[in-house]
Amino acid sequence: MLARILRPPKAALIYPIPPAPRCAVLAAGFRPQGTVRVFPSGWNEDAAKFQPQALAAPLDRLEALAGKLTLTHAVIVFRREWEPRLDAAQRDRLWRAFRVPVFEQILAENGALLAAECEAHDGLHIESAKFAAGDHEIDRAACACGKTSPRLTGTGRDAIRRVAAYAR
Ligand SMILES: [Zn+2]
């Protein structure tokens, strides 16, 4: 019981468009599952040997890998609740670095998914009642992906659409 309190269960990565390809998670707090492997201390030789087709990591770790590897599927950018949403310049840099679609995910401290961008790239679906939307703009209209959960929209929206358009 005590061990469980000290070490909460790790989260599984929610890949935006299942099934996940070979995906390297460069963050602590996740458990490996299927084709998803976890490298808690970041990019290293083992991660390179794994030859990921997709990466999931905080922005600084992704930006540090710009130009150093080729991906074929996606980059998933982890953001914390208190961090601002990805802006147009950050999305442009990720697109230029990796040439794959960018998916933003907002995570709780324990790695639980709070909000996630879907393949329609039209806001972030709120995935948890624990998410405090604060002053984010919320869109309750059905999404092109088919899900009906409310989405965070607002400042990042035009940039998301623009970058998603290159990625098609
Ligand atoms: Zn959607």
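This is a short walk through the fold of one protein, from its sheet to its core and one of its helices.

Okay, a bit of housekeeping. What we have is a predicted model, where local features need pLDDT of at least 70, side-chain atom pairs count only at pLDDT 80 or more, and totals for chains, interfaces and linings use all residues. Residue numbers start from 1 along each chain as its sequence is written.

So, the parts list: the protein has 5 helices and 11 strands. Those are DSSP runs numbered from the N terminus, with helices being H or I of at least four residues and strands being E of at least two.

Let's start with the sheet. It is an open one, made by 9 strands in the order S4-S2-S5-S6-S7-S8-S9-S11-S10, and the pairing is mixed. Pairing here means that DSSP finds at least two bridges between two strands. Which strands stand at the edges? S4 and S10 (138-139) do; each has a single partner strand, so one side of each is left without a neighbour in the sheet. Further in, S8 and S9 pair in the antiparallel sense over 3 bridges, and Ala-116 has His-125 in S9 as its bridge partner.

Now the inside. I'll call a residue buried if 20 or more other C-beta atoms lie within 10 Å of its own, exposed if 12 or fewer, and partly exposed in between, with C-beta atoms placed from the backbone. Buried residues make up 31% of the 168 residues. A nonpolar core is a set of buried Ala, Val, Leu, Ile, Met, Phe, Trp, Tyr and Cys residues joined through C-beta atoms within 7 Å. The largest one has 37 residues, and among those touching the most other members are Cys-23, Val-25 and Ile-76. Strand S6 (74-80) is one of the elements that give it two or more residues, and S6 gives the largest share, 5 residues.

On to helix H4 (88-98), which also feeds that core. Which of its residues are buried? Gln-90, Arg-91, Leu-94 and Phe-98. They cover an arc of only 100 degrees around the axis (taken from the directions from the axis to the C-beta atoms), which puts them on the same side of H4. Ala-89 and Arg-96, on the other side, are exposed. Right after H4 comes Arg-99, with a positive phi near 55 degrees.

Last stop, Asp-60, in helix H3 (residues 59-64). Buried or exposed? Asp-60 is exposed, with 8 other C-beta atoms within 10 Å. Its C-alpha atom is 9.9 Å from that of Phe-78, 18 residues apart along the chain.
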